[in-house]
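Welcome, and please open your viewer. This tour will tell you what to select at each stop and what you will find there.

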Amino acid sequence: MEINPIEGAIKNMLPLWGNQQAEDFERIINKAMEEKDKDKLMEACKQLEANFISLILKEMRKTIPEDPLTGNNLANDIFTSMLYDKYAELMAQSGGFGLAEEIYNQLSKKV
């Protein structure tokens, strides 16, 4: 019996991401593995790490009290969300937590 680590990981991420984002990631990973393209696989792993970091940052943001100067409005929420997404992307591209490398090492064995 062979266990597909991609399907298990994707199913575990569904509550955090939502169906569409999880399906997109699964499709990208499977395509990279079918094409045996290690560069695409690494890029997909970095994107997964960026999404994970973004989730962490957004949850951490919830613990910060509201700023009395700017308040809690839609524009501030959108800006902060976009800023944290960019932080997460930069952290993942620079090595971040090393999660992308570990995922890549596991998945590249099948490429």
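## Where two helices cross

Start with H3 and H4, whose crossing is right-handed. One thing to know before going further: this is a predicted model. Select residues 38–61 for helix H3 and residues 74–93 for helix H4; the two pack at an angle of about 135°, and their axes are 8 Å apart. That angle makes H3 oblique to H4, because angles that are neither under 35 degrees, nor over 145, nor 65 to 115 count as oblique.

Now show the side chains where these helices touch. On the H3 side, pick residues including Glu-43, Ala-50, Ile-53, Leu-57 and Arg-61; on the H4 side, their partners include Asn-76, Tyr-84, Ala-88, Met-91 and Ala-92. If you colour the contact of H3 with H4 by class, you get eight nonpolar, five polar and seven charged residues.

## Two stops on H4

Select Ala-92, which sits in helix H4. Is Ala-92 buried or exposed? Its relative accessibility is 3%, so Ala-92 counts as buried. Leaving aside residues up to four places away in sequence, Ala-92 touches Lys-46, Glu-49, Ala-50 and Ile-53. Try a distance label too: from the C-alpha of Ala-92 to that of Gln-47 is 7.4 Å, although 45 residues separate them in sequence.

Next, move to Leu-83, also placed in helix H4. With 28% relative accessibility, Leu-83 counts as partly exposed. Its C-alpha lies 9.8 Å from that of Ser-54, a residue 29 places away in sequence.

## Zoom out

Hide the side chains for a moment and look at the whole chain. It has five helices and zero strands, so the order of elements from the N terminus on reads α-α-α-α-α. Of the 111 residues in the chain, 29% are buried. Among contacts between residues at least 6 apart in sequence, 70% join residues at least 24 apart.

## H3 meets H5

Keep H3 on screen and add H5. How are two packed helices described? By the angle between their axes and the distance between the axes. For H3 and H5, the angle is about 140° and the axes are 8 Å apart. That makes H3 oblique to H5. The crossing of H3 and H5 is right-handed.

To see this contact, select residues of H3 including Lys-38, Leu-41, Cys-45 and Phe-52, then residues of H5 including Leu-99, Ile-103, Tyr-104 and Ser-108. By class, the contact of H3 with H5 divides into ten nonpolar, one polar and four charged residues.

## Into the core

In soluble globular proteins, nonpolar side chains tend to be buried together. Here, the largest nonpolar core has twelve residues: Phe-25, Ile-29, Ala-32, Met-33, Leu-41, Ala-44, Cys-45, Leu-48, Ala-100, Ile-103, Tyr-104 and Leu-107. Helix H2 (19–35), H3 and helix H5 (99–108) each supply at least two residues of this core. A second, separate core has six residues, among them Ala-50, Ile-53, Leu-57 and Ala-92.

Three members of the largest core deserve a click:

- **Cys-45** is in helix H3. At 0% relative accessibility, Cys-45 counts as buried. Beyond residues up to four places away in sequence, Cys-45 touches Ala-100, Ile-103, Tyr-104 and Leu-107. Between the C-alpha atoms of Cys-45 and Leu-107 there are 9.3 Å, while along the chain the two are 62 residues apart.
- **Tyr-104** touches Lys-38, Leu-41, Met-42 and Cys-45, again without counting residues up to four places away in sequence.
- **Phe-25** has its place in helix H2. Phe-25 counts as buried, at 11% relative accessibility. Its C-alpha is 7.6 Å from that of Leu-48, and the two are 23 residues apart in sequence.

## Last stop: a loop

Finish at Lys-36, found in the loop between H2 and H3. Is Lys-36 buried or exposed? At 55% relative accessibility, Lys-36 counts as exposed. Check the backbone as well: most residues other than glycine have a negative phi. Lys-36 is not a glycine, yet its phi is positive, about 55°.

Technical notes. Residues are numbered from 1 along each chain as its sequence is written. This is a predicted model: local features need pLDDT of at least 70, side-chain atom pairs count only at pLDDT 80 or more; totals for chains, interfaces and linings use all residues. Side-chain values use heavy atoms; hydrogens and water are left out. Axes are lines fitted to C-alpha atoms, for helices over the stretch in contact, and angles run from 0 to 180 degrees between N-to-C directions. Helices (H or I, at least four residues) and strands (E, at least two) are DSSP runs, numbered from the N terminus. A crossing is left-handed if the near helix is turned anticlockwise from the far one by less than a right angle, and right-handed if clockwise. Contact means heavy atoms within 4.5 Å. Ala, Val, Leu, Ile, Met, Phe, Trp, Tyr, Cys and Pro count as nonpolar, Asp, Glu, Lys and Arg as charged, and the others, Gly among them, as polar. A nonpolar core is a set of buried Ala, Val, Leu, Ile, Met, Phe, Trp, Tyr and Cys residues joined through side-chain atoms within 4.5 Å. Buried means under 20% relative accessible area, exposed over 50%, partly exposed in between (1.4 Å probe, protein chains only).
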